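User: Please take a close look at one part of this model, the packing around a single core residue. Then set it beside the charged pairs.

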Amino acid sequence: MTQIIFPLAIGLLLLGVMLYWLLHGDTSRNFELSNARDALAHLRSDFLPSNIVDRIFDHDDFAFVLDEKEAGLLRLLQAERKTVATYWLRHTRRQTTLVMSLYLKSARQSARLSVALELQIALNYLLFLTACNSLQSLIWLRGPARARKIAQQTMAAATRFCTVSEKMLTLAEARYAGLAKMSGPERPVT
Amino acid sequence: MLTRMHARAAVQDLKNRTLAPLHGDIARLVYLSATRDYNSGKYYHDGLALRFTEEIANQALAQCHAESFQKVAEIPLRELVGQLQEYLESVCADEAIQTWLDLEPYRMLMPLTCDPLSAKLFCSNVMIALTILESRAKKQRKN
(Lines give C-alpha, C1' and ligand atoms only; values in the text may rest on other atoms or scores of the structure.)
Protein backbone atom coordinates (compact mmCIF):
# COMPACT_ATOMS: atom_id res chain seq x y z
CA MET A 1 0.00 0.00 0.00
CA THR A 2 2.81 2.42 0.97
CA GLN A 3 4.45 1.56 -2.36
CA ILE A 4 1.46 3.15 -4.12
CA ILE A 5 0.86 6.07 -1.74
CA PHE A 6 4.40 7.48 -1.92
CA PRO A 7 4.66 7.84 -5.73
CA LEU A 8 1.04 9.05 -5.79
CA ALA A 9 1.83 11.79 -3.25
CA ILE A 10 4.89 12.87 -5.23
CA GLY A 11 2.83 12.85 -8.44
CA LEU A 12 0.11 15.00 -6.83
CA LEU A 13 2.72 17.40 -5.47
CA LEU A 14 4.31 17.79 -8.90
CA LEU A 15 0.88 18.31 -10.45
CA GLY A 16 0.14 20.98 -7.87
CA VAL A 17 3.43 22.79 -8.57
CA MET A 18 2.81 22.66 -12.31
CA LEU A 19 -0.72 23.98 -11.87
CA TYR A 20 0.58 26.81 -9.69
CA TRP A 21 3.19 27.74 -12.30
CA LEU A 22 0.61 27.65 -15.05
CA LEU A 23 -1.86 29.85 -13.18
CA HIS A 24 0.78 32.18 -11.79
CA GLY A 25 2.42 32.55 -15.21
CA ASP A 26 -0.92 33.41 -16.78
CA THR A 27 -1.74 35.96 -14.09
CA SER A 28 1.60 37.73 -14.39
CA ARG A 29 1.31 37.75 -18.18
CA ASN A 30 -2.16 39.24 -17.91
CA PHE A 31 -0.78 41.79 -15.46
CA GLU A 32 2.03 42.71 -17.88
CA LEU A 33 -0.42 43.05 -20.74
CA SER A 34 -2.57 45.39 -18.72
CA ASN A 35 0.58 47.31 -17.74
CA ALA A 36 1.49 47.67 -21.39
CA ARG A 37 -2.05 48.87 -22.16
CA ASP A 38 -1.83 51.46 -19.35
CA ALA A 39 1.60 52.66 -20.47
CA LEU A 40 0.32 53.07 -24.02
CA ALA A 41 -2.76 55.00 -22.88
CA HIS A 42 -0.55 57.19 -20.68
CA LEU A 43 1.79 57.90 -23.60
CA ARG A 44 -1.11 58.83 -25.88
CA SER A 45 -3.03 61.04 -23.46
CA ASP A 46 -0.19 62.76 -21.60
CA PHE A 47 2.60 63.14 -24.11
CA LEU A 48 1.06 63.20 -27.55
CA PRO A 49 -1.53 66.00 -27.43
CA SER A 50 -0.81 67.62 -30.80
CA ASN A 51 -2.24 71.05 -29.82
CA ILE A 52 0.13 71.39 -26.90
CA VAL A 53 3.16 70.13 -28.83
CA ASP A 54 2.35 72.57 -31.65
CA ARG A 55 2.25 75.39 -29.09
CA ILE A 56 5.67 74.47 -27.68
CA PHE A 57 7.31 74.74 -31.09
CA ASP A 58 5.15 77.58 -32.40
CA HIS A 59 7.04 80.28 -34.26
CA ASP A 60 4.35 82.98 -33.83
CA ASP A 61 5.07 83.26 -30.10
CA PHE A 62 8.72 84.04 -30.90
CA ALA A 63 7.66 86.62 -33.50
CA PHE A 64 5.37 88.24 -30.92
CA VAL A 65 8.12 88.46 -28.29
CA LEU A 66 10.55 89.76 -30.93
CA ASP A 67 8.11 92.65 -31.53
CA GLU A 68 8.48 93.63 -27.87
CA LYS A 69 12.10 94.63 -28.72
CA GLU A 70 13.50 93.39 -25.43
CA ALA A 71 16.43 90.96 -25.62
CA GLY A 72 15.81 89.66 -22.10
CA LEU A 73 12.26 88.60 -22.95
CA LEU A 74 13.39 86.71 -26.02
CA ARG A 75 16.08 84.94 -24.00
CA LEU A 76 13.49 84.04 -21.38
CA LEU A 77 11.09 82.63 -23.97
CA GLN A 78 13.87 80.62 -25.62
CA ALA A 79 15.03 79.19 -22.30
CA GLU A 80 11.50 78.35 -21.17
CA ARG A 81 10.53 76.70 -24.43
CA LYS A 82 13.76 74.73 -24.46
CA THR A 83 12.97 73.43 -20.96
CA VAL A 84 9.39 72.44 -21.89
CA ALA A 85 10.49 70.88 -25.20
CA THR A 86 13.22 68.86 -23.48
CA TYR A 87 10.76 67.74 -20.80
CA TRP A 88 8.31 66.58 -23.46
CA LEU A 89 11.00 64.79 -25.44
CA ARG A 90 12.53 63.05 -22.40
CA HIS A 91 9.18 61.81 -21.08
CA THR A 92 7.88 60.74 -24.48
CA ARG A 93 11.05 58.74 -25.07
CA ARG A 94 10.89 57.20 -21.58
CA GLN A 95 7.24 56.24 -22.00
CA THR A 96 7.80 54.82 -25.48
CA THR A 97 10.75 52.77 -24.22
CA LEU A 98 8.53 51.47 -21.40
CA VAL A 99 5.86 50.38 -23.90
CA MET A 100 8.55 48.70 -26.00
CA SER A 101 10.05 46.85 -23.01
CA LEU A 102 6.61 45.68 -21.86
CA TYR A 103 5.99 44.47 -25.38
CA LEU A 104 9.23 42.50 -25.32
CA LYS A 105 8.38 41.09 -21.88
CA SER A 106 4.83 39.98 -22.37
CA ALA A 107 2.98 40.52 -25.57
CA ARG A 108 5.65 39.11 -27.80
CA GLN A 109 5.49 35.80 -25.90
CA SER A 110 1.70 35.78 -25.85
CA ALA A 111 1.02 36.51 -29.44
CA ARG A 112 2.59 34.64 -32.29
CA LEU A 113 2.89 37.72 -34.41
CA SER A 114 3.70 37.81 -38.06
CA VAL A 115 7.23 38.73 -39.06
CA ALA A 116 5.79 41.78 -40.83
CA LEU A 117 4.24 43.08 -37.60
CA GLU A 118 7.43 42.39 -35.64
CA LEU A 119 9.46 44.31 -38.22
CA GLN A 120 6.91 47.10 -38.25
CA ILE A 121 7.13 47.65 -34.51
CA ALA A 122 10.95 47.50 -34.49
CA LEU A 123 11.21 49.87 -37.45
CA ASN A 124 8.76 52.38 -35.96
CA TYR A 125 10.60 52.33 -32.65
CA LEU A 126 13.91 52.90 -34.43
CA LEU A 127 12.44 55.74 -36.50
CA PHE A 128 11.04 57.33 -33.36
CA LEU A 129 14.43 57.15 -31.59
CA THR A 130 16.18 58.65 -34.62
CA ALA A 131 13.65 61.49 -34.78
CA CYS A 132 14.06 62.05 -31.03
CA ASN A 133 17.84 62.33 -31.28
CA SER A 134 17.64 64.70 -34.26
CA LEU A 135 15.08 66.85 -32.44
CA GLN A 136 17.15 66.99 -29.28
CA SER A 137 20.23 68.14 -31.20
CA LEU A 138 18.20 70.72 -33.12
CA ILE A 139 16.63 72.10 -29.93
CA TRP A 140 20.05 72.61 -28.39
CA LEU A 141 21.66 73.99 -31.52
CA ARG A 142 18.96 76.20 -33.00
CA GLY A 143 16.19 76.41 -30.39
CA PRO A 144 12.61 75.03 -30.38
CA ALA A 145 11.25 77.65 -32.78
CA ARG A 146 13.37 76.27 -35.58
CA ALA A 147 12.71 72.64 -34.77
CA ARG A 148 9.00 72.60 -35.52
CA LYS A 149 9.21 70.35 -38.59
CA ILE A 150 11.32 67.72 -36.81
CA ALA A 151 8.99 67.96 -33.78
CA GLN A 152 6.03 67.17 -36.03
CA GLN A 153 7.95 64.25 -37.52
CA THR A 154 8.78 62.98 -34.02
CA MET A 155 5.09 63.24 -33.08
CA ALA A 156 4.14 61.35 -36.24
CA ALA A 157 6.73 58.63 -35.50
CA ALA A 158 5.47 58.26 -31.92
CA THR A 159 1.87 58.09 -33.13
CA ARG A 160 2.77 55.40 -35.69
CA PHE A 161 4.56 53.44 -32.97
CA CYS A 162 1.42 53.72 -30.80
CA THR A 163 -0.80 52.47 -33.62
CA VAL A 164 1.38 49.38 -34.25
CA SER A 165 1.67 48.73 -30.49
CA GLU A 166 -2.09 48.96 -30.17
CA LYS A 167 -2.51 46.39 -32.94
CA MET A 168 0.00 44.08 -31.31
CA LEU A 169 -1.58 44.44 -27.87
CA THR A 170 -5.03 43.68 -29.23
CA LEU A 171 -3.66 40.50 -30.80
CA ALA A 172 -1.89 39.51 -27.58
CA GLU A 173 -4.99 40.15 -25.48
CA ALA A 174 -7.17 38.14 -27.86
CA ARG A 175 -4.74 35.26 -27.67
CA TYR A 176 -4.51 35.50 -23.89
CA ALA A 177 -8.32 35.55 -23.61
CA GLY A 178 -8.46 32.45 -25.80
CA LEU A 179 -5.91 30.64 -23.64
CA ALA A 180 -7.65 31.62 -20.41
CA LYS A 181 -10.93 30.30 -21.77
CA MET A 182 -9.33 27.00 -22.74
CA SER A 183 -7.67 26.46 -19.33
CA GLY A 184 -10.75 27.60 -17.35
CA PRO A 185 -13.61 25.47 -15.99
CA GLU A 186 -15.57 25.74 -19.23
CA ARG A 187 -12.95 23.82 -21.17
CA PRO A 188 -14.70 21.92 -23.95
CA VAL A 189 -14.62 18.15 -23.69
CA THR A 190 -13.00 16.64 -26.74
CA MET B 1 -28.33 57.58 -17.43
CA LEU B 2 -30.38 60.10 -15.42
CA THR B 3 -27.25 61.22 -13.55
CA ARG B 4 -25.43 61.79 -16.84
CA MET B 5 -28.35 63.88 -18.10
CA HIS B 6 -28.35 65.90 -14.89
CA ALA B 7 -24.58 66.38 -15.13
CA ARG B 8 -24.96 67.68 -18.69
CA ALA B 9 -27.74 70.01 -17.59
CA ALA B 10 -25.60 71.23 -14.68
CA VAL B 11 -22.68 71.98 -17.01
CA GLN B 12 -24.99 73.94 -19.31
CA ASP B 13 -26.51 75.78 -16.36
CA LEU B 14 -23.06 76.68 -15.03
CA LYS B 15 -21.91 77.91 -18.44
CA ASN B 16 -25.02 80.00 -19.10
CA ARG B 17 -25.68 81.51 -15.70
CA THR B 18 -22.29 81.81 -14.07
CA LEU B 19 -19.47 81.62 -16.59
CA ALA B 20 -20.97 83.55 -19.51
CA PRO B 21 -21.12 86.90 -17.68
CA LEU B 22 -17.44 86.62 -16.69
CA HIS B 23 -15.15 88.46 -19.07
CA GLY B 24 -12.36 86.37 -20.60
CA ASP B 25 -11.01 82.85 -20.23
CA ILE B 26 -8.60 83.80 -17.44
CA ALA B 27 -11.42 85.21 -15.32
CA ARG B 28 -13.41 82.00 -15.84
CA LEU B 29 -10.42 79.87 -14.95
CA VAL B 30 -9.76 81.88 -11.78
CA TYR B 31 -13.42 81.64 -10.80
CA LEU B 32 -13.62 77.88 -11.39
CA SER B 33 -10.42 77.09 -9.52
CA ALA B 34 -11.64 79.20 -6.62
CA THR B 35 -14.68 76.95 -6.22
CA ARG B 36 -12.35 74.05 -5.39
CA ASP B 37 -11.42 73.12 -1.86
CA TYR B 38 -7.63 72.87 -1.84
CA ASN B 39 -7.57 70.12 0.75
CA SER B 40 -10.11 67.71 -0.66
CA GLY B 41 -9.88 68.78 -4.31
CA LYS B 42 -13.70 68.87 -4.47
CA TYR B 43 -15.66 71.70 -6.03
CA TYR B 44 -18.50 73.50 -4.27
CA HIS B 45 -21.20 75.76 -5.65
CA ASP B 46 -24.24 76.41 -3.48
CA GLY B 47 -26.59 77.48 -6.26
CA LEU B 48 -25.73 74.54 -8.48
CA ALA B 49 -25.90 72.09 -5.57
CA LEU B 50 -29.34 73.44 -4.70
CA ARG B 51 -30.64 72.97 -8.24
CA PHE B 52 -28.99 69.57 -8.71
CA THR B 53 -26.97 67.73 -6.05
CA GLU B 54 -23.61 68.41 -4.44
CA GLU B 55 -22.02 65.55 -6.37
CA ILE B 56 -23.40 66.70 -9.72
CA ALA B 57 -22.28 70.26 -8.97
CA ASN B 58 -18.80 68.91 -8.21
CA GLN B 59 -18.72 66.98 -11.51
CA ALA B 60 -19.96 69.96 -13.54
CA LEU B 61 -17.44 72.34 -11.99
CA ALA B 62 -14.59 69.84 -12.48
CA GLN B 63 -15.51 69.38 -16.15
CA CYS B 64 -15.78 73.11 -16.82
CA HIS B 65 -12.51 73.70 -14.98
CA ALA B 66 -10.68 71.11 -17.10
CA GLU B 67 -12.14 72.57 -20.33
CA SER B 68 -11.33 76.12 -19.33
CA PHE B 69 -7.78 75.21 -18.38
CA GLN B 70 -7.14 73.34 -21.63
CA LYS B 71 -8.42 76.33 -23.58
CA VAL B 72 -6.04 78.72 -21.81
CA ALA B 73 -3.10 76.30 -22.08
CA GLU B 74 -3.52 76.19 -25.85
CA ILE B 75 -3.89 79.91 -26.63
CA PRO B 76 -1.02 81.76 -28.33
CA LEU B 77 1.19 83.94 -26.17
CA ARG B 78 -0.07 87.17 -27.77
CA GLU B 79 -3.64 86.31 -26.78
CA LEU B 80 -2.60 85.16 -23.30
CA VAL B 81 -0.81 88.46 -22.63
CA GLY B 82 -3.93 90.38 -23.74
CA GLN B 83 -6.27 88.31 -21.60
CA LEU B 84 -4.01 88.42 -18.57
CA GLN B 85 -3.67 92.18 -18.86
CA GLU B 86 -7.44 92.54 -19.08
CA TYR B 87 -7.93 90.34 -16.01
CA LEU B 88 -5.22 91.99 -13.90
CA GLU B 89 -6.50 95.46 -14.82
CA SER B 90 -9.91 94.40 -13.56
CA VAL B 91 -8.35 93.69 -10.15
CA CYS B 92 -5.42 96.04 -9.53
CA ALA B 93 -2.88 95.81 -12.34
CA ASP B 94 0.48 97.06 -11.07
CA GLU B 95 0.49 95.29 -7.74
CA ALA B 96 -1.14 92.21 -9.19
CA ILE B 97 1.60 91.63 -11.78
CA GLN B 98 4.31 91.67 -9.13
CA THR B 99 2.24 89.55 -6.73
CA TRP B 100 1.54 87.00 -9.43
CA LEU B 101 5.24 86.87 -10.32
CA ASP B 102 6.33 86.51 -6.69
CA LEU B 103 3.70 84.17 -5.28
CA GLU B 104 2.90 82.29 -8.50
CA PRO B 105 -0.81 81.89 -7.65
CA TYR B 106 -1.40 80.71 -11.23
CA ARG B 107 -0.16 77.28 -10.12
CA MET B 108 -3.45 76.95 -8.22
CA LEU B 109 -5.40 77.44 -11.45
CA MET B 110 -4.56 73.96 -12.73
CA PRO B 111 -7.14 71.20 -12.37
CA LEU B 112 -6.10 67.97 -10.66
CA THR B 113 -6.66 65.94 -13.80
CA CYS B 114 -4.57 67.98 -16.22
CA ASP B 115 -1.69 66.26 -17.98
CA PRO B 116 1.85 67.22 -16.86
CA LEU B 117 2.87 68.63 -20.24
CA SER B 118 -0.08 71.06 -20.39
CA ALA B 119 0.60 72.05 -16.80
CA LYS B 120 4.25 72.78 -17.54
CA LEU B 121 3.49 74.79 -20.68
CA PHE B 122 0.71 76.71 -18.91
CA CYS B 123 2.95 77.77 -15.99
CA SER B 124 5.77 78.68 -18.33
CA ASN B 125 3.50 80.74 -20.60
CA VAL B 126 1.82 82.60 -17.74
CA MET B 127 5.22 83.44 -16.26
CA ILE B 128 6.45 84.77 -19.63
CA ALA B 129 3.21 86.73 -20.14
CA LEU B 130 3.57 88.32 -16.70
CA THR B 131 7.20 89.24 -17.42
CA ILE B 132 6.10 90.89 -20.67
CA LEU B 133 3.43 92.86 -18.81
CA GLU B 134 5.95 93.86 -16.15
CA SER B 135 8.39 95.03 -18.81
CA ARG B 136 5.66 97.07 -20.53
CA ALA B 137 4.66 98.63 -17.21
CA LYS B 138 8.29 99.59 -16.50
CA LYS B 139 8.60 101.18 -19.95
CA GLN B 140 5.37 103.10 -19.35
CA ARG B 141 6.61 104.40 -16.02
CA LYS B 142 9.89 105.55 -17.61
CA ASN B 143 8.02 107.46 -20.32
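Analyst: Contact here means heavy atoms within 4.5 Å. The model is predicted. With that cut-off, take Trp88(A). Leaving aside neighbours within four places in sequence, Trp88(A) is in contact with Phe47(A), Val53(A), Ile56(A) and Phe57(A). The list also includes Leu135(A), Ala151(A), Thr154(A) and Met155(A). One partner comes from chain B: Leu117(B).

Trp88(A) belongs to the largest nonpolar core, which has 79 residues. Phe57(A), Trp88(A), Trp100(B) and Phe122(B) touch the most other members of that core. Phe57(A) is thus named twice, as a contact of Trp88(A) and among these four residues. Another core lies apart from the largest one. This other core has 13 residues, among them Ala10(B), Leu14(B), Tyr43(B) and Leu61(B). In soluble globular proteins, nonpolar side chains tend to be buried together.

Now the charges. Side chains of opposite charge can pair when their charged atoms come close. The count is 14 salt bridges over all chains. One of them joins the side chains of Arg55(A) and Asp58(A), at 2.8 Å from N to O. Is this pair buried or exposed? Arg55(A) has a relative accessible area of 9%, so Arg55(A) is buried. Asp58(A) has 7%, so Asp58(A) is buried too. The pair does not stand alone: Arg55(A), Asp58(A), Asp61(A), Arg81(A) and Arg148(A) are linked in a network of salt bridges.

A second bridge joins Glu70(A) and Lys139(B), at 3.7 Å from N to O. This pair crosses between chains. Glu70(A) sits in the loop between α3 (59-67) and α4 (71-110) of chain A. Lys139(B) sits in helix α7 (residues 116-142) of chain B. Glu70(A) is partly exposed, at 32% relative accessibility. Lys139(B) is partly exposed as well, with a relative accessible area of 35%.

A third bridge stays within chain B: the side chains of Lys15(B) and Glu67(B) meet at 3.1 Å, N to O. Lys15(B) lies in helix α1 (residues 2-19) and Glu67(B) in helix α4 (residues 54-74), so the pair ties together parts that are 52 residues apart in sequence. Lys15(B) counts as partly exposed, at 30% relative accessibility. Glu67(B) also counts as partly exposed, at 36%.

Notes. Residues are numbered from 1 along each chain as its sequence is written. Chains are lettered from A and ligands numbered from 1 in the order in which they are written. This is a predicted model: local features need pLDDT of at least 70, side-chain atom pairs count only at pLDDT 80 or more; totals for chains, interfaces and linings use all residues. Side-chain values use heavy atoms; hydrogens and water are left out. A salt bridge is a side-chain nitrogen of Lys or Arg within 4 Å of a carboxyl oxygen of Asp or Glu. Buried means under 20% relative accessible area, exposed over 50%, partly exposed in between (1.4 Å probe, protein chains only). Helices (H or I, at least four residues) and strands (E, at least two) are DSSP runs, numbered from the N terminus. A nonpolar core is a set of buried Ala, Val, Leu, Ile, Met, Phe, Trp, Tyr and Cys residues joined through side-chain atoms within 4.5 Å.
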